[in-house]
Amino acid sequence: MTELGRHFGISAVHCGHHLSRAGLRDKDGFPFPQAIDRGYAYRRPEQNANRSVLWNYDRCSGVLREHGLRSVEEQRLVEQWADLLEALHVGSPAILVTPQEMADSDMPHHILTWVNQCLAARGSQLRISKRNRTGQESVGESREGRTLLAAS
């Protein structure tokens, strides 16, 4: 539990609360029989309180992701992209790429929503638009309220 929580930047207790809310643990922190049957946990034969329970890292990570948590590495990546895009938005005569162009060409697609959430939490009006697979343009807004178009 400690190792799993550390991966997401939370305590073992907080991790346990998420697993309980997902219906995998009882009020005492032990896995429900269904959690064991579905491979989320394994109960070792020795009965040494919580140390007798092992939680499947991969399966439980999926549960934590479903609860909106991101790994520490993903959190850093999102923060770095938000920093870069804000710097590009402010601009410089030496930089000829827009935040939207940079995101379209280099930003991992799966973090787009998280980067926009990070920008919003910072109070920035900048949002990166999703690229549309049909070849149509997607629309977003810059900090000044101007429309940004992302050509697909």
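**Cysteines and helix α5 in a predicted model**

The structure contains zero disulfides. Cys15, for example, takes part in no disulfide, and the nearest cysteine sulfur, which belongs to Cys60, lies 7.1 Å away. Because a disulfide calls for two cysteine sulfur atoms within 2.5 Å, that distance does not qualify. As the model is a predicted one, these values describe a computed structure. Cys15 is buried, with a relative accessible area of 0%. Cys118 also counts as buried, at 10% relative accessibility, because the cut-off for that label is under 20%.

We can now turn to helix α5, which covers residues 72–90. With 19 residues at 1.5 Å a residue, this helix should span 27 Å, and its end C-alpha atoms are indeed 27 Å apart, so expectation and model agree.

Which residues of α5 are buried? They are Glu74, Val78, Trp81, Ala82, Leu85, Leu88 and His89. Viewed down the axis of α5, the buried residues fall within an arc of 130 degrees, so they line one face of the helix. A general rule helps here: an α-helix has 3.6 residues a turn, so residues three or four places apart point the same way.

The buried residues of α5 pack against three helices: α4 (57–66), α6 (99–106) and α7 (112–121). On the face turned away from this buried side, α5 carries the exposed residues Arg76, Gln80 and Val90. Just after the helix comes Gly91, which takes a positive phi of about 85 degrees.

Terms used:
Residues numbered from 1 in each chain as written. Predicted model: local features only at pLDDT ≥ 70, side-chain atom pairs only at ≥ 80, totals over all residues. Heavy atoms only, no water. Helix = DSSP H or I, 4+ residues; strand = E, 2+ residues; numbered from the N terminus. Expected span 1.5 Å × (residues − 1). Buried < 20%, exposed > 50% of the residue type's maximum accessible area, 1.4 Å probe, protein only. Arc of directions from axis to C-beta. Contact = heavy atoms within 4.5 Å.
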